Amino acid sequence: MSVIESKLDIPAQFQSTVFGPMDAFAKKIERTLKVTIIARDDTVKIIGDEKSCGRAVALIKNLAELAMRNDVVTEQNVDYALSLSFEDKQDVILDVDSDVIARTINGKPIKPKTLGQKKYVDEIREKMITFGVGPAGTGKTYLAMAMAVTAFRANDVGRIILTRPAIEAGEKLGFLPGDLQSKVDPYLRPLYDALFEIMGAEQFNSNMEKGLIEVAPLAYMRGRTLDNAYIILDEAQNTTPSQMKMFLTRIGFGSKVVVTGDQSQKDLPRDQVSGLDVALKVLGNVEEIGRVMLTNKDVVRHPLVQKIVKAYEDYEHKQLKDRQVHGKKKAVRWRNYDD
């Protein structure tokens, strides 16, 4: 296989952003794509076989474009761009990165960072109800929250309602002290955290006092009709089928709903069916309802989180396969016994 050399013109002031601290990103690109990268002044040389060289050139061009937009190039950007390069979809990262949904109180842009997240955001925009399902770290709740705040600020809706089932995550918390709000706050803290970052504590508290933002356990939704509101149901994998049906039938005119959940992290009793699982089956053919299945490729936390999610997925898949094989062997043994 012949070795070729390609050249790119990248201004020196952007190279440190593209190649990372101590050239960490450049070294990762070299290891993954089996190329050599040499930067001199405003010129970058890429040496390798034709296919690898082409992928590296396209990838570095896109990272340079992000840097020239004054975006921060992160390790997650590089990892995702590398995974796209093997599918020859390097240019997608620019389209994904250009969609700014909102800004945090500190001015940091909030935008989708993967194809799955971009699809999720687009479905939320287009559909009245959207299910966002995927593992931890895929931005399901955070992006939904950003979309809700954007709609609220644009007066597309009159209030934001955030809810989640008050289910303990494996451990028993006992009788919590304080009034009713104090008892439910620990379950809803992740929702508060996201809103504080996007709106700021002062604006959040002001809107809470006016009743324009409501954060409440799912049980409080029973018997209500929710008009002109942006409603987010978080941790939906911990709902029962009856709770999910109750929630979905609360929706009134002018409302938008986002349901988020992780099917691999249920805290329900072993014999209890998840309302999220049932809803995805029952409503699968309803065109007006969006459904986005995010994967470990869409994890945007620390790169190690993506590896953890992938490791657990592989483990759970192996466990399921082993149970199926064991079940077949058991069935054969019983059949032979009957004969």
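Two strands count as paired here if DSSP finds at least two bridges between them. With that in hand, let's look at this predicted model: three of its strands make up an open sheet with antiparallel pairing, and a search of the whole structure turns up one cavity of 30 Å³ or more.

**The sheet**

- Reading across the sheet, the strand order is β1-β3-β2.
- The edges belong to β1 (3-9) and β2 (36-40); each has a single partner strand, so one side of each is left without a neighbour in the sheet.
- On average, neighbouring strands of this sheet are turned by 20° against each other, ignoring direction.
- As background, strands in a sheet pair up through backbone hydrogen bonds, in either a parallel or an antiparallel way.

**The β1 and β3 pairing**

- β1 and strand β3 (residues 43-49) run antiparallel and are joined by seven bridges.
- If you want a spot to look at in the viewer, try glutamate 5, whose bridge partner in β3 is isoleucine 47.

**The cavity**

- The largest cavity holds about 30 Å³ of space.
- Its lining is made up of Asn77, Ile93, Val96, Asp97, Pro112 and Lys113.
- Helix α5 (residues 92-97) gives the largest share of that lining, with three residues.
- Sorted by class, the lining of the largest cavity comes out as three nonpolar, one polar and two charged residues.

Conventions. Residues numbered from 1 in each chain as written. Predicted model: local features only at pLDDT ≥ 70, side-chain atom pairs only at ≥ 80, totals over all residues. Heavy atoms only, no water. 1 Å grid on protein atoms, 1.4 Å probe; cavity = no way out; pocket = protein on both sides within 12 Å on 5 of 7 lines; lining within 4 Å. Points joined across faces, edges and corners; volume = space filled by probe spheres on them. Helix = DSSP H or I, 4+ residues; strand = E, 2+ residues; numbered from the N terminus. Nonpolar A, V, L, I, M, F, W, Y, C, P; charged D, E, K, R; others polar. Axes fitted to C-alpha atoms, helices over the stretch in contact; angles between N-to-C directions.
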